[in-house]
Amino acid sequence: MKSASRPDQPSLLTAAMSPYVTAARTVTASPATRNLALVTGINAIGNGLFASINILYYTQHLGFSVSFVSAVLFGATVLAISGDLISGRVSDASSPKKVFVSGLILSAAATLLLLIAETSLLFIVTLCLIALGQGLCMSSNTALIRRIAREDPALTRASLRSLLTIGTSLGALGAGVVLANGAPAAFTIGILINAMSFVIAAALLTRVSVPLANGPSGSRPRPTIRDTRFTTFAVSNGIINIYLHALPFALPLWMVRNHPDLVWVVGVFVAANSLLCAMFQVPASSGITSRISASRRLVLGAVLVAASYVFFASGWSTSTTLLVVALLLLLILQTAGELFYTAGTMELLFHLAPEAQQGQYGAFYGISNGLLASLAPAVLGFAIGTAHGWGWWALAGVTVLLALLIRAAVSTESTPPAGEFR
């Protein structure tokens, strides 16, 4: 009996490691994908570091008020959306590589300007340039992945997303060193590292060979807004994505309101969520072979996310043991929901759009998410303030209904654009 069971052990290990082996092969299959993986990781480290130190640098070291910085950041976000639109159109018309490199170089130069942005006018100009640079990188990145990874862009993006999460976490750890030191010199070094990450990423990207997009040449592009199937997917997804703010925004407010002595667990949960998503995004994305299977994975993720909202409907004040169990369940449901939901959306994002218009469709998707994400603080804050938690139950119901709407929309029969699968 023992000898008979031994052959099963390698097969189980092989099955467990298979998604990671496939992901490794995917991102190392060609020099282009290898360089793109390096670009993703290096850029993520710089962004993760900068995202954790910038607000303190603006307020404590440059001396601007929180209200002023918030207003400038809002205006910069609108400009980033404009950059995303430009990025999508130019990426489709010429090459996403040129747009991406331009965005990285502009981001590097604008980041360096922060070191001398001591006047209000120069600070506004600098943040707007940073936002414009990041906007140029958004849709061009999606179009670049689509062109380089022709056979399985969603698996490539899932693999790159894991690298992105790991890089962002490493950058956040570096930010911890900067924040612990607190000296102006430490912040200067952090900003220089971020700027250097853009320069290195741009240099690596120039070595990437990008093929032309497949699609009918000379045809007039179809306006994205007239593609009701993709529009339904993008807008519904933008609303559902409010869940991404549940752990970093809603949980600390909920803890302060119900268990102020345990607020410290928020940081642990956010870090654990990021780590688990980096580890399991590739396995969660495996096995999707059609729009139908992608939409099923998306609905499963939405149901798990909706179940996690139920946590916030109670104060869990009756028992510390019950609170700990509920918090762990929240983490499991949120993470599993994010993994499955993201797997479905990544697949649909690529395959609901004509390959020749991937940049424009990606821009519309990014803008929808960006605009609707701005509603997240208000929606989650309202849910927290509702009596008896009915706001959370309503949010859970809307999440599931919108996921089912997406599934119904993508399941409708129509003539698929170039590059779409069934």
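The exercises below deal with a predicted model of a protein.

**Exercise 1. Overall make-up**

Find how many helices and strands the protein has, and what share of its residues is buried.

Solution. Start with the secondary structure: there are 16 helices and zero strands. Next, take the burial: of the 422 residues, 48% are buried. Then turn to the contacts with a separation of 6 or more: 84% of them join residues 24 or more positions apart. Last, consider the surface: about 19,200 Å² is exposed, and carbon and sulfur atoms supply 70% of this area.

**Exercise 2. Confidence**

Determine which element has the lowest mean pLDDT and which has the highest.

Solution. Begin with the whole protein, where the average pLDDT is 81 and 82% of the residues score at least 70. Among the elements, the lowest mean, 48, belongs to helix α1 (residues 2–5), and the highest, 95, to helix α12 (residues 291–309). Now look at two stretches with pLDDT under 50. Residues 1–10 have zero contacts beyond four places in sequence. Residues 415–422, in turn, have 26 such contacts.

**Exercise 3. The length of helix α11**

Check whether the span of helix α11 (residues 265–285) agrees with its number of residues.

Solution. The helix has 21 residues. The expected span is 1.5 Å times one less than that number, so α11 should span 30 Å. The C-alpha atoms at its ends are 29 Å apart, which agrees. The helix also has a kink of about 45° at M279, shortly before the proline P283. Its buried residues include V265, F269, N273, C277 and Q281. After α11 comes G287, with a positive phi near 85°.

**Exercise 4. Two residues and their surroundings**

Decide whether T345 and L114 are buried or exposed, and list what each one touches.

Solution. First locate T345, which lies in helix α13 (residues 320–351). Its relative accessible area is 5%. The cut-off for buried is under 20%, so T345 is buried. Not counting residues up to four places away in sequence, T345 touches F233, N237, L298 and Y365.

Then locate L114, in the loop between α5 (96–113) and α6 (120–148). Its relative accessibility is 0%, so L114 counts as buried too. Leaving aside neighbours within four places in sequence, L114 is in contact with F50, Y57, Y58, L62, F123, T126, L127 and I130. For L114 and I130, 16 residues apart along the chain, the C-alpha atoms are separated by 9.6 Å.

Methods: Residues numbered from 1 in each chain as written. Predicted model: local features only at pLDDT ≥ 70, side-chain atom pairs only at ≥ 80, totals over all residues. Heavy atoms only, no water. Helix = DSSP H or I, 4+ residues; strand = E, 2+ residues; numbered from the N terminus. Bend = angle between axes of the 7 residues up to and from the residue. Buried < 20%, exposed > 50% of the residue type's maximum accessible area, 1.4 Å probe, protein only. pLDDT = per-residue confidence, 0-100. Contact = heavy atoms within 4.5 Å. Areas by Shrake-Rupley, 256 points an atom, 1.4 Å probe, with all protein chains shown as cover.
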